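Trainee: I would like a close look at a single part of this model. Please take one sheet and what packs around it, and follow the contacts outward from there.

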Amino acid sequence: MIQQAQQLAVAPISNFLVGAVGRGASGREYPGFNMEFAGLGLQHTVHAEQAVLAMAHAGGESALLELEVTHAPCGHCRQFLRELAAPLTVILPNGRFTLEELLPYSFGPDDLGVSGGMLSNPSVLVGEGPELARAAAEKSWSPYSKMRAGVAIRCGQQWFGGAYLENAAFNPSLNPAQYALILARAAGFTQVDESLFYGDEGLYGASLAVLPAIRRL
Ligand SMILES: [Zn+2]
């Protein structure tokens with residue numbers, strides 16, 4: 001599965017294709033892959049490990065137990081994974097590691113007084129159109145800013161939702177448009193036919209950057 005995940009990577013800038021697979025407590029597996037957006041600032045880039053977490057979050061997974069990656073995770077991803085606030089085994093080509101080994105003396109939700117982590121309130125993200133955008137906003141993990149936003153995108157006849165995922169370190173957060181694009185790409189789509197935004201104004205700009213035709217509800 002990891003090779004299939006790697007083949008989903010879209011990396012027009014680096015040509016560096018990363019694949020990942022997450023294994024959840026439910027026994028299900030979630031693919032991850034990097035996505036670069038040519039012509040945009042590099043901060044919009046989605047890393048493979050982030051894609052796995054978005055997939056698991058959308059799938060209603062309650063915990064991620066293992067994460068296999070084709071390359072060693074960057075510092076940004078180690079921090080993003082820390083938001084699980086739970087033990088995680090990371091499987092790399094050169095061995096198995098705990099996240100704690102890869103990110104010692106770390107900073108996480110508990111340091112800001114937040115209990116639980118990104119997968120603490122599992123629910124499956126379903127629906128279509130405006131209803132899906134609203135459901136995605138409701139599903140946001142945003143204990144720091146308390147902002148909520150959701151995106152719904154249509155590729156052909158299929159809809160994909162995106163929630164907003166924050167991180168205790170703030171910067172490796174994932175905006176709802178990135179999240180929705182991950183789900184669409186995992187299903188094999190490369191083109192978006194319609195996109196909707198619902199939620200806090202402050203997240204509209206970030207979503208607009210990666211989905212220029214997005215419409216506010
Ligand atoms: Zn990374």
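Mentor: Start at Arg-23, whose bridge partner in E3 is Glu-66. Keep in mind that this is a predicted model. The strands behind that pair are E1, residues 19-24, and E3, residues 64-69. They run antiparallel and are joined by 5 bridges. In general, strands of a sheet pair through backbone hydrogen bonds, either parallel or antiparallel.

Now widen the view to the whole sheet. It is open and has 5 strands, in the order E2-E1-E3-E4-E5. The pairing is mixed. E2 and E5 (95-98) are the edge strands, and each pairs on one side only. On average, neighbouring strands here are turned by 20° against each other, direction ignored.

Go to the E5 edge. E4, residues 89-92, runs antiparallel to E5, with 4 bridges between them. Thr-89 has Thr-98 of E5 opposite. The link from E4 to E5 is a hairpin through 2 residues.

Next, the helix on this sheet. H2 lies across E1, E2 and E3. Its course runs at about 145° to E2. H2 is worth following, since two further helices pack against it.

Take H3 before the other. H2 and H3 pack at an angle of about 20°, their axes 9 Å apart. That angle makes H2 roughly parallel to H3. The crossing of the two is left-handed. From H2 come Glu-49, Gln-50 and Leu-53; they meet Cys-77, Phe-80 and Leu-81 in H3. By class, the residues of this contact divide into 4 nonpolar, 1 polar and 1 charged.

Then take H6, residues 176-186. Its axis lies 9 Å from that of H2, and the two helices pack at an angle of about 85°. H2 is therefore roughly perpendicular to H6. On the H2 side, the contact is made by Ala-51, Ala-54, Met-55 and Ala-58. H6 brings Tyr-179, Ile-182, Leu-183 and Ala-186. This contact has 8 nonpolar residues, no polar and no charged ones.

That contact leads to the domains. The protein is divided into domain 1 (2-112) and domain 2 (129-210). Their C-alpha centres lie 18 Å apart. Domain 1 gives 24 residues to the contact, and domain 2 gives 19. On the domain 1 side, strand E2 (29-33), helix H2 (48-58) and helix H3 (75-82) each supply at least two of the touching residues. H2 has the largest share of that side, with 6 residues. By class, the domain 1 side has 16 nonpolar, 6 polar and 2 charged residues. So keep three roles of H2 together. H2 lies across three strands, E1, E2 and E3. H2 packs with H3. And H2 supplies the largest share of the domain 1 side that touches domain 2.

Finish with the other sheet. It is also open, with 4 strands in the order E7-E6-E8-E9. Here too the pairing is mixed. E7 (158-163) and E9 (215-216) stand at the edges, each with a single partner strand, so one side of each has no neighbour in the sheet. Inside, E6 (residues 149-155) and E8 (residues 194-199) pair in the antiparallel sense over 6 bridges. Ala-152 stands opposite Leu-196 in E8. A helix packs on this sheet as well: H5, residues 129-138, touches E6, E7 and E8. The direction of H5 makes about 145° with that of E6.

Note on methods
Residues numbered from 1 in each chain as written. Predicted model: local features only at pLDDT ≥ 70, side-chain atom pairs only at ≥ 80, totals over all residues. Pairing = 2+ DSSP bridges. Contact = placed C-beta atoms within 7 Å. Axes fitted to C-alpha atoms, helices over the stretch in contact; angles between N-to-C directions. Domains from an automatic or database assignment. Nonpolar A, V, L, I, M, F, W, Y, C, P; charged D, E, K, R; others polar. Parallel < 35°, antiparallel > 145°, perpendicular 65-115°, else oblique. Left-handed = near helix turned anticlockwise from the far one by under 90°.
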